Amino acid sequence: MNKKIFITIIVVLFLIFGYFTYCLCNYFYTQKINYNKINLCSNNKKDCYNKMFELILPKMLIHKIEIEPKSPELLRLDWTERLISDYAINMADILISYGIGYDDITFENTFIENFNKPVYAFDCGISVPPRAADGFNFYSECIATDAFISKYPNQIASGKIHSYKEMLDKLNLADKKVFIQMNISGAETAAIPQIIDNADNVTGIVITFYLSDTQKIIENIPILDKLNEKFILISRFAFPYINCPAEIKSKYYKGNPCNYLFVLSYINKNIVDKDEISWNQETTKLYKFKPIGNTKYYIITNNNISIIVTFAEKLKELKNNIWKTQY
């Protein structure tokens with residue numbers, strides 16, 4: 001090889017390495033500053049929203065999983081953005097659905113019709129659910145709190161609230177394998193810790209997070225950490241809203257600036273043989289899913305977390321694994 005070409009290649013590689021190292025160091029510095037501002041930002045200052053949003057990005061990285069001898073797939077049970085593990089849903093004896101509202105229970109009905117398993121649905125803001133298939137059991141109750149009901153003028157709280165364990169014991173479900181659907185308009189911060197404490201029998205969970213303001217993000221930082229201790233994130237969907245309560249602006253995230261509503265789907269760590277953070281975090285390229293029935297589906301909208309965030313988290317994993325091996 002010509003010496004001049006060789007030197008040019010070395011210089012280019014050095015510059016690329018130097019630039020990437022600079023970006024990585026800048027990211028670590030930025031996150032350190034962001035963490036130091038959590039208390040300051042808890043007063044819900046608008047200029048804090050994106051700083052706090054950047055803190056949860058590493059907690060929303062999609063993982064690739066392996067479950068022997070089966071190759072895992074993602075399923076869609078209805079028109080919404082919920083992508084769930086076929087393995088987790090097949091392992092479950094029942095579906096527990098928190099937050100159904102007046103509108104639509106296609107997700108729950110599809111589960112009953114295709115898996116021939118019962119659904120236990122809860123929503124303390126309504127007294128009568130939409131038309132349901134046989135095997136749909138409805139209770140006008142909420143988990144942990146009914147504070148979010150006040151946001152909906154067409155709903156009246158039943159006043160019935162239970163803890164997750166109380167519900168399992170009351171309905172004799174404590175020994176059942178459970179898949180959970182949760183869409184409770186911000187009350188998940190109170191409900192999820194109760195589920196984490198009883199996570200051994202939860203095969204998977206799909207949760208809608210409402211990150212509409214700075215305080216919501218701060219409240220969900222420890223919640224996402226708790227989830228990641230017991231579960232593996234396999235799907236992330238960001239739903240774009242026309243009305244924009246907060247505009248997302250971050251060099252570490254690409255997506256609609258109004259997608260403050262995130263749907264995250266998890267599988268229990270105990271039923272996975274192998275997992276790793278996916279290098280690809282771009283949702284339109286990441287997901288292959290198997291539709292059920294003839295439902296018309298929402299198009300998967302694009303959102304992407306920067307390779308810098310992914311690389312930083314992989315470095316942390318490597319460090320932790322080396323530490324465990326040595327000690």
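Start with the lining of the second largest pocket, which by class has ten nonpolar, five polar and ten charged residues. The model is a predicted one, and the tour below moves from this pocket to a sheet, an aromatic pair and a cavity.

**The pocket**

The second largest pocket holds about 670 Å³ of space. Select His63, Asn228, Ile277, Glu313 and Glu317: of the 25 lining residues, these are the closest to the pocket's centre. Next colour helix 1 (3–36), helix 8 (214–230), strand 11 (231–239), strand 14 (274–277) and helix 10 (307–326), each of which supplies at least two residues of the lining. Which element gives the largest share of this lining? Helix 10 does, with six residues.

**The sheet**

Keep strand 11 selected, since it also belongs to an open sheet of seven strands, ordered 6-5-4-9-10-13-11 with mixed pairing. Go to the two edges: strand 6 (136–139) and strand 11 each have a single partner strand, so each has one side without a neighbour in the sheet. Ignoring direction, neighbouring strands here are turned against each other by 15° on average.

Move inward to strand 9 (residues 178–182) and strand 10 (residues 202–210), a parallel pair joined over five bridges. To view one bridge, select methionine 182 and its partner in strand 10, isoleucine 207.

Now add the helices that lie against these strands. Helix 5 (residues 106–115) packs on the sheet and touches strand 4 (94–98), strand 5 (119–122), strand 6, strand 9 and strand 10. The direction of helix 5 makes about 175° with that of strand 4. Then select helix 7 (residues 188–196), which lies across strand 9, strand 10 and strand 11. Helix 7 runs at about 165° to strand 10.

**An aromatic pair**

Show the aromatic side chains next; there are twelve aromatic pairs in the count. One of them to pick out is phenylalanine 53 with phenylalanine 262, a tilted pair with centres 6.0 Å apart and 40° between the planes. Where in the chain do phenylalanine 53 and phenylalanine 262 lie? Phenylalanine 53 is in helix 3 (residues 49–56) and phenylalanine 262 is in strand 13 (residues 261–268), so selecting both elements shows a link between distant parts of the chain, 209 residues apart.

**The cavity**

How many cavities of 30 Å³ or more does the structure hold? It holds one. The largest cavity has a volume of about 50 Å³. To display its lining, select Tyr98, Gly99, Phe122, Asp123, Cys124, Glu141, Cys142, Ile143, Thr145, Phe148 and Ile184. Coloured by class, this lining of the largest cavity divides into seven nonpolar, two polar and two charged residues.

Terms used
Residues are numbered from 1 along each chain as its sequence is written. This is a predicted model: local features need pLDDT of at least 70, side-chain atom pairs count only at pLDDT 80 or more; totals for chains, interfaces and linings use all residues. Side-chain values use heavy atoms; hydrogens and water are left out. On a 1 Å grid over the protein atoms alone, a cavity is a set of points where a 1.4 Å probe fits but cannot get out, and a pocket is an open set with protein on both sides within 12 Å along at least five of seven lines; lining residues have an atom within 4 Å of a point. Grid points are joined across faces, edges and corners, and a volume is the space filled by probe spheres set on the points. Helices (H or I, at least four residues) and strands (E, at least two) are DSSP runs, numbered from the N terminus. Ala, Val, Leu, Ile, Met, Phe, Trp, Tyr, Cys and Pro count as nonpolar, Asp, Glu, Lys and Arg as charged, and the others, Gly among them, as polar. Two strands pair if DSSP finds at least two bridges between them. Axes are lines fitted to C-alpha atoms, for helices over the stretch in contact, and angles run from 0 to 180 degrees between N-to-C directions. Contact means heavy atoms within 4.5 Å. Rings of Phe, Tyr and Trp (its six-membered ring) pair if their centres lie within 6.5 Å; planes under 30 degrees apart count as stacked, over 60 as edge-to-face and the rest as tilted.
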